[in-house]
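Please find below a colleague's note on the structure under discussion. The points are numbered for ease of reply.

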Amino acid sequence: MITIALFVLMSVNEFLHHPSIAQTIQAVIVALVLGLAMYRGMNENLRYGILVILCTTLLISIPARKAYYEYLSEKSPGTHQDSWSKLVDWIRSSNIHGIFLIPINEGGSDRFQLMARRKVWVDWKQGAAVMWSPSFYDQWMVRYKQVSVLNTPEEFIDYAQAHNIRNVIIKSQDGACPAPALPIKATERYVLCQL
(Lines give C-alpha, C1' and ligand atoms only; values in the text may rest on other atoms or scores of the structure.)
Protein backbone atom coordinates (compact mmCIF):
# COMPACT_ATOMS: atom_id res chain seq x y z
CA MET A 1 0.00 0.00 0.00
CA ILE A 2 2.93 2.36 0.71
CA THR A 3 4.29 1.69 -2.78
CA ILE A 4 0.94 2.63 -4.32
CA ALA A 5 0.82 5.85 -2.33
CA LEU A 6 4.37 6.68 -3.40
CA PHE A 7 3.53 6.24 -7.08
CA VAL A 8 0.39 8.31 -6.75
CA LEU A 9 2.38 11.07 -5.05
CA MET A 10 5.02 10.95 -7.80
CA SER A 11 2.36 11.26 -10.44
CA VAL A 12 0.63 14.15 -8.66
CA ASN A 13 3.98 15.89 -8.15
CA GLU A 14 4.80 15.51 -11.86
CA PHE A 15 1.38 16.86 -12.79
CA LEU A 16 1.68 19.88 -10.49
CA HIS A 17 5.11 20.82 -11.81
CA HIS A 18 4.42 20.21 -15.51
CA PRO A 19 0.68 20.36 -16.15
CA SER A 20 -0.43 19.43 -19.65
CA ILE A 21 -3.30 17.66 -21.32
CA ALA A 22 -1.28 14.44 -21.54
CA GLN A 23 -0.53 14.56 -17.84
CA THR A 24 -4.13 15.32 -16.98
CA ILE A 25 -5.15 12.26 -18.95
CA GLN A 26 -2.45 10.23 -17.21
CA ALA A 27 -3.65 11.38 -13.79
CA VAL A 28 -7.26 10.46 -14.65
CA ILE A 29 -6.18 7.02 -15.91
CA VAL A 30 -4.09 6.45 -12.79
CA ALA A 31 -7.03 7.40 -10.59
CA LEU A 32 -9.41 5.11 -12.51
CA VAL A 33 -7.04 2.14 -12.49
CA LEU A 34 -6.24 2.71 -8.83
CA GLY A 35 -9.94 2.86 -8.03
CA LEU A 36 -10.51 -0.34 -10.00
CA ALA A 37 -7.63 -2.04 -8.20
CA MET A 38 -9.02 -1.07 -4.82
CA TYR A 39 -12.49 -2.41 -5.65
CA ARG A 40 -13.12 -4.98 -2.93
CA GLY A 41 -15.24 -7.30 -5.08
CA MET A 42 -12.28 -8.05 -7.38
CA ASN A 43 -10.11 -11.16 -7.26
CA GLU A 44 -7.03 -10.44 -5.15
CA ASN A 45 -4.56 -11.74 -7.76
CA LEU A 46 -6.18 -9.60 -10.46
CA ARG A 47 -6.05 -6.56 -8.17
CA TYR A 48 -2.33 -7.00 -7.50
CA GLY A 49 -1.72 -7.61 -11.22
CA ILE A 50 -3.41 -4.30 -12.04
CA LEU A 51 -1.33 -2.53 -9.40
CA VAL A 52 1.89 -4.01 -10.79
CA ILE A 53 0.97 -2.88 -14.31
CA LEU A 54 0.06 0.59 -12.99
CA CYS A 55 3.33 0.96 -11.07
CA THR A 56 5.38 -0.29 -14.03
CA THR A 57 3.62 2.10 -16.37
CA LEU A 58 4.31 5.00 -14.03
CA LEU A 59 7.96 4.02 -13.63
CA ILE A 60 8.39 3.98 -17.40
CA SER A 61 6.21 6.95 -18.36
CA ILE A 62 7.66 9.58 -16.03
CA PRO A 63 11.30 9.29 -17.23
CA ALA A 64 10.14 8.80 -20.83
CA ARG A 65 8.09 12.00 -20.71
CA LYS A 66 10.98 13.87 -19.12
CA ALA A 67 13.33 12.69 -21.88
CA TYR A 68 10.78 13.75 -24.49
CA TYR A 69 10.49 17.26 -23.01
CA GLU A 70 14.29 17.54 -22.90
CA TYR A 71 14.43 16.49 -26.54
CA LEU A 72 11.88 19.15 -27.44
CA SER A 73 13.77 21.84 -25.52
CA GLU A 74 16.98 20.91 -27.37
CA LYS A 75 15.20 21.42 -30.68
CA SER A 76 13.59 24.74 -29.82
CA PRO A 77 15.21 27.73 -31.56
CA GLY A 78 17.21 30.27 -29.63
CA THR A 79 18.57 27.87 -27.05
CA HIS A 80 22.23 27.11 -26.43
CA GLN A 81 21.53 23.80 -28.15
CA ASP A 82 20.53 25.62 -31.34
CA SER A 83 23.76 27.62 -31.21
CA TRP A 84 25.78 24.45 -30.57
CA SER A 85 24.06 22.61 -33.43
CA LYS A 86 24.77 25.44 -35.87
CA LEU A 87 28.47 25.32 -35.04
CA VAL A 88 28.65 21.53 -35.22
CA ASP A 89 26.85 21.52 -38.59
CA TRP A 90 29.26 24.14 -39.92
CA ILE A 91 32.29 22.14 -38.74
CA ARG A 92 30.91 19.00 -40.37
CA SER A 93 30.63 20.73 -43.74
CA SER A 94 34.01 22.49 -43.43
CA ASN A 95 37.45 21.25 -44.41
CA ILE A 96 38.76 21.70 -40.86
CA HIS A 97 40.16 18.44 -39.50
CA GLY A 98 42.22 17.34 -36.57
CA ILE A 99 41.41 16.89 -32.93
CA PHE A 100 38.92 19.23 -31.25
CA LEU A 101 38.95 20.32 -27.63
CA ILE A 102 35.33 20.81 -26.64
CA PRO A 103 33.61 21.75 -23.38
CA ILE A 104 32.55 18.36 -22.05
CA ASN A 105 29.79 19.65 -19.79
CA GLU A 106 27.74 21.30 -22.55
CA GLY A 107 24.48 19.80 -23.76
CA GLY A 108 25.15 18.03 -27.02
CA SER A 109 28.92 17.78 -26.54
CA ASP A 110 28.59 14.03 -26.07
CA ARG A 111 27.34 13.79 -29.67
CA PHE A 112 30.00 16.04 -31.22
CA GLN A 113 32.06 13.21 -32.77
CA LEU A 114 28.97 11.66 -34.30
CA MET A 115 27.41 14.87 -35.59
CA ALA A 116 30.56 16.70 -36.73
CA ARG A 117 32.42 13.58 -37.82
CA ARG A 118 35.55 14.90 -36.16
CA LYS A 119 37.77 13.52 -33.40
CA VAL A 120 37.69 15.02 -29.92
CA TRP A 121 40.43 15.17 -27.34
CA VAL A 122 38.12 13.68 -24.73
CA ASP A 123 34.44 13.26 -23.92
CA TRP A 124 32.59 11.14 -21.40
CA LYS A 125 31.35 8.61 -23.96
CA GLN A 126 34.92 7.61 -24.74
CA GLY A 127 35.02 6.10 -21.27
CA ALA A 128 32.96 3.20 -22.63
CA ALA A 129 36.02 2.12 -24.67
CA VAL A 130 37.57 1.00 -21.39
CA MET A 131 35.34 -2.08 -21.52
CA TRP A 132 37.11 -3.23 -24.70
CA SER A 133 40.52 -1.76 -23.98
CA PRO A 134 41.16 -1.45 -20.24
CA SER A 135 44.55 0.15 -20.85
CA PHE A 136 42.75 3.17 -22.37
CA TYR A 137 41.41 4.07 -18.93
CA ASP A 138 44.60 5.80 -17.78
CA GLN A 139 44.70 8.12 -20.81
CA TRP A 140 40.97 8.81 -20.83
CA MET A 141 40.61 9.49 -17.10
CA VAL A 142 43.57 11.89 -16.98
CA ARG A 143 42.22 13.86 -19.94
CA TYR A 144 38.65 13.82 -18.66
CA LYS A 145 39.63 15.12 -15.21
CA GLN A 146 41.80 17.85 -16.70
CA VAL A 147 39.21 19.11 -19.20
CA SER A 148 36.25 18.88 -16.82
CA VAL A 149 37.76 21.61 -14.61
CA LEU A 150 38.37 24.08 -17.45
CA ASN A 151 35.96 26.99 -17.14
CA THR A 152 37.19 30.11 -18.88
CA PRO A 153 38.07 30.55 -22.56
CA GLU A 154 41.65 31.37 -21.48
CA GLU A 155 41.93 28.05 -19.63
CA PHE A 156 40.73 26.17 -22.72
CA ILE A 157 43.23 27.93 -24.99
CA ASP A 158 46.12 27.43 -22.53
CA TYR A 159 45.27 23.74 -22.20
CA ALA A 160 45.02 23.34 -25.99
CA GLN A 161 48.43 24.99 -26.46
CA ALA A 162 50.02 22.75 -23.85
CA HIS A 163 48.67 19.65 -25.61
CA ASN A 164 49.15 20.77 -29.26
CA ILE A 165 45.44 20.85 -30.02
CA ARG A 166 44.66 23.24 -32.89
CA ASN A 167 40.84 23.37 -32.75
CA VAL A 168 39.07 24.58 -29.64
CA ILE A 169 35.38 25.29 -29.07
CA ILE A 170 34.65 27.73 -26.26
CA LYS A 171 31.66 29.58 -24.89
CA SER A 172 31.67 33.15 -26.09
CA GLN A 173 28.92 35.72 -26.43
CA ASP A 174 31.03 38.10 -28.53
CA GLY A 175 32.67 35.57 -30.87
CA ALA A 176 36.17 36.41 -29.64
CA CYS A 177 39.01 34.01 -28.84
CA PRO A 178 41.75 34.69 -26.31
CA ALA A 179 45.18 35.35 -27.87
CA PRO A 180 46.95 33.70 -29.59
CA ALA A 181 43.93 31.78 -30.94
CA LEU A 182 42.02 33.09 -33.94
CA PRO A 183 38.23 32.90 -34.30
CA ILE A 184 37.19 30.73 -37.24
CA LYS A 185 33.41 30.50 -36.82
CA ALA A 186 31.11 31.93 -34.18
CA THR A 187 27.47 31.37 -33.29
CA GLU A 188 25.38 33.13 -30.67
CA ARG A 189 27.01 31.31 -27.76
CA TYR A 190 30.04 29.42 -29.07
CA VAL A 191 33.13 30.08 -31.13
CA LEU A 192 35.56 27.78 -32.88
CA CYS A 193 39.08 29.01 -32.20
CA GLN A 194 42.20 27.80 -33.97
CA LEU A 195 45.77 27.87 -32.75
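The points that follow concern the fold, the sheet, the disulfide and the nonpolar cores.

1. Status and overall make-up. The model is predicted. The protein contains 7 helices and 5 strands, and along the sequence these elements follow the pattern α-α-α-α-β-α-β-α-α-β-β-β. Of its 195 residues, 36% count as buried. The accessible surface is about 12,000 Å², and carbon and sulfur atoms account for 63% of that area. Where contacts link residues at least 6 apart in sequence, 46% of them join residues at least 24 apart.

2. The sheet. The 5 strands form an open sheet with mixed pairing, in the order S2-S1-S3-S5-S4. Strand S2 (119–120) and S4 are at the edges, and each has a single partner strand, so one side of each has no neighbour in the sheet. Helix H7 (residues 153–162) packs on this sheet and touches strand S1 (99–101), S3 and S5. The direction of H7 makes about 170° with that of S3. As general background, strands of a sheet pair through backbone hydrogen bonds, either parallel or antiparallel.

3. The partners of strand S5. S3 and S5 run antiparallel and are joined by 5 bridges; within this pairing, Lys171 stands opposite Tyr190 of S5. S4 and S5 also run antiparallel, with 4 bridges between them, and they form a hairpin with 3 residues in between. Several residues can be matched across to S5: Leu182 is opposite Gln194, Pro183 has Cys193 as its bridge partner, and Ala186 faces Val191.

4. Burial of strand S5. How many residues of S5 are buried? The count is 5 of the 5, so the strand is largely enclosed by the rest of the structure. Tyr190, Leu192 and Gln194 point one way from S5, while Val191 and Cys193 point the other way. Gln194 is thus named among the buried residues of the strand, together with Tyr190, Val191, Leu192 and Cys193.

5. The disulfide. The count comes to 1 disulfide, which joins Cys177 to Cys193 with an S to S distance of 2.0 Å. Cys177 lies in the loop between strand S3 (167–171) and strand S4 (182–186), whereas Cys193 belongs to strand S5 (residues 190–194), so the bond ties together parts that are 16 residues apart in sequence. The torsion about the S-S bond is about -90°, so this disulfide is left-handed. Are the two cysteines buried or exposed? Cys177, at 14% relative accessibility, counts as buried because the cut-off is under 20%. Cys193 is also buried, at 0% relative accessibility.

6. The loop that holds Cys177. Ala179 is found in the loop between S3 and S4, the loop in which Cys177 also lies. Ala179 is exposed, with a relative accessible area of 70%, whereas Cys177 is buried. Ala179 and Asp158 are 21 residues apart in sequence, and their C-alpha atoms are 9.6 Å apart in space.

7. The largest nonpolar core. This core has 19 residues, of which Leu101, Trp121, Val147, Tyr159, Val168 and Cys193 touch the most other members. Helix H6 (136–148), H7, S3 and S5 are the elements that give two or more residues to the core. Which element contributes the largest share? That element is H7, with 4 residues. Cys193 therefore has two roles to note in this model, as a partner in the disulfide and as one of the core members listed above.

8. Val168 and the second core. Leaving aside neighbours within four places in sequence, Val168 is in contact with Leu101, Phe156, Ile157, Ala160, Val191, Leu192, Cys193 and Leu195. Apart from the largest core lies another, of 13 residues, which includes Ile102, Ala116, Val120 and Tyr190. Tyr190, a member of this other core, points from S5 in the way opposite to Val191 and Cys193.

Notes:
Residues numbered from 1 in each chain as written. Predicted model: local features only at pLDDT ≥ 70, side-chain atom pairs only at ≥ 80, totals over all residues. Heavy atoms only, no water. Disulfide = S-S within 2.5 Å. Buried < 20%, exposed > 50% of the residue type's maximum accessible area, 1.4 Å probe, protein only. Contact = heavy atoms within 4.5 Å. Areas by Shrake-Rupley, 256 points an atom, 1.4 Å probe, with all protein chains shown as cover. Pairing = 2+ DSSP bridges. Axes fitted to C-alpha atoms, helices over the stretch in contact; angles between N-to-C directions. Core = buried A, V, L, I, M, F, W, Y, C linked by side-chain atoms within 4.5 Å.
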